[in-house]
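Work through the exercises below with the sequence and the model side by side. Try each task before you read its solution.

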Amino acid sequence: MSVPVSLKDLARFVDRYGPNPYLLTVGADSRARATSVTVQWSGELLMAGSGRHTARNLQGNNAVTLLWPPPVPGDYTLIVDGYGEVQDGPAGNFIVMIKPTGAILHITEHPPKPR
């Protein structure tokens, strides 16, 4: 089951779920990559550090998803879709500036128990 999250309310949800989601990207070979990041707000954008692989993926396909696991088992997962732009960062790393375009809270329905 999914519940839409208004982008104007997104900062409140990010505060609740914390600064450490997974950043999901897709490379030119169509393989998904998940990496743990730390995010912070920069105006209306979320900013995260990234390495070479994530930066390379974003240069070919700038669609991203941020995924926060449930804060407690059985709670909702926060999923934020958006577009990322790579910028040079310190020490040869990169910074990803993410513009959120949509967000939901998602919870998996448990299958019925066998009889």
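The exercises go from the overall fold to the core, the pocket and three single residues. The model is predicted.

**Exercise 1. Describe the fold and the overall dimensions of the protein.**

Step 1. Count the elements. The protein has two helices and eight strands.
Step 2. Put them in sequence order. The pattern reads β-α-β-β-β-β-α-β-β-β.
Step 3. Get the extent. The C-alpha trace spans about 55 × 35 × 20 Å along its principal axes.
Step 4. Check the sequence range of the contacts. Take those between residues at least 6 apart in sequence: 55% of them join residues at least 24 apart.

**Exercise 2. State what share of the residues is buried, and how much surface the protein exposes.**

Step 1. Start with burial. Of the 115 residues, 35% are buried.
Step 2. Turn to the surface. About 7,400 Å² is exposed. Carbon and sulfur atoms supply 53% of that area.

**Exercise 3. Find the largest nonpolar core and the residues with the most contacts inside it.**

Step 1. Size the core. It holds 20 residues.
Step 2. Rank by contacts inside the core. Leu66, Trp68 and Leu78 have the most.
Step 3. Map the core onto the elements. Helix 1 (10–17) supplies at least two residues, and so does each of strand 5 (45–50), strand 6 (63–68), strand 7 (77–88) and strand 8 (94–106).
Step 4. List the partners of Leu78, leaving aside neighbours within four places in sequence. Leu78 touches Val5, Leu10, Phe13, Val14, Tyr17, Leu66, Leu67, Trp68, Ile104 and Leu105.

**Exercise 4. Characterise the largest pocket by volume, lining and residue class.**

Step 1. Take the volume. It is about 180 Å³.
Step 2. List the lining. Gly27, Ala28, Asp29, Arg31, Ala32, Arg33, His53, Arg56, Asn57 and Gly60 form it.
Step 3. Assign elements. Strand 3 (32–36) and helix 2 (52–60) are the ones that give two or more residues. Helix 2 gives the most, with four.
Step 4. Sort by class. The lining has two nonpolar, four polar and four charged residues.

**Exercise 5. Is Val37 buried or exposed, and which residues does it contact?**

Step 1. Place the residue. Val37 lies in the loop between strand 3 and strand 4 (39–42).
Step 2. Apply the cut-off. The relative accessibility of Val37 is 6%, and buried means under 20%. Val37 therefore counts as buried.
Step 3. Look for contacts beyond four places in sequence. Val37 meets Pro19, Asn20, Pro21, Leu23, Ala48, Gly49 and Leu66. Leu66 is also one of the residues with the most contacts inside the core.
Step 4. Compute one C-alpha separation. Val37 and Met47, 10 residues apart along the chain, are separated by 9.6 Å.

**Exercise 6. Contrast the settings of two further loop residues, Ser30 and Asn62.**

Step 1. Locate both. Ser30 sits between strand 2 (22–26) and strand 3. Asn62 sits between helix 2 and strand 6.
Step 2. Compare accessibility. Ser30 has a relative accessible area of 61%, so it is exposed. Asn62, at 35%, is partly exposed.
Step 3. Check the backbone of Ser30. Its phi is near 70 degrees, a positive value in a residue other than glycine. Most residues other than glycine have a negative phi.
Step 4. List the contacts of Asn62 beyond four places in sequence. They are Gly82, Tyr83 and Gly84.
Step 5. Take one long sequence separation. Asn62 and Gly102 are 40 residues apart in sequence, and their C-alpha atoms are 15 Å apart.

Definitions and conventions:
Residues are numbered from 1 along each chain as its sequence is written. This is a predicted model: local features need pLDDT of at least 70, side-chain atom pairs count only at pLDDT 80 or more; totals for chains, interfaces and linings use all residues. Side-chain values use heavy atoms; hydrogens and water are left out. On a 1 Å grid over the protein atoms alone, a cavity is a set of points where a 1.4 Å probe fits but cannot get out, and a pocket is an open set with protein on both sides within 12 Å along at least five of seven lines; lining residues have an atom within 4 Å of a point. Grid points are joined across faces, edges and corners, and a volume is the space filled by probe spheres set on the points. Ala, Val, Leu, Ile, Met, Phe, Trp, Tyr, Cys and Pro count as nonpolar, Asp, Glu, Lys and Arg as charged, and the others, Gly among them, as polar. Buried means under 20% relative accessible area, exposed over 50%, partly exposed in between (1.4 Å probe, protein chains only). Contact means heavy atoms within 4.5 Å. A nonpolar core is a set of buried Ala, Val, Leu, Ile, Met, Phe, Trp, Tyr and Cys residues joined through side-chain atoms within 4.5 Å. Accessible areas come from the Shrake-Rupley method with a 1.4 Å probe; for residues, only the protein chains shown count as cover.
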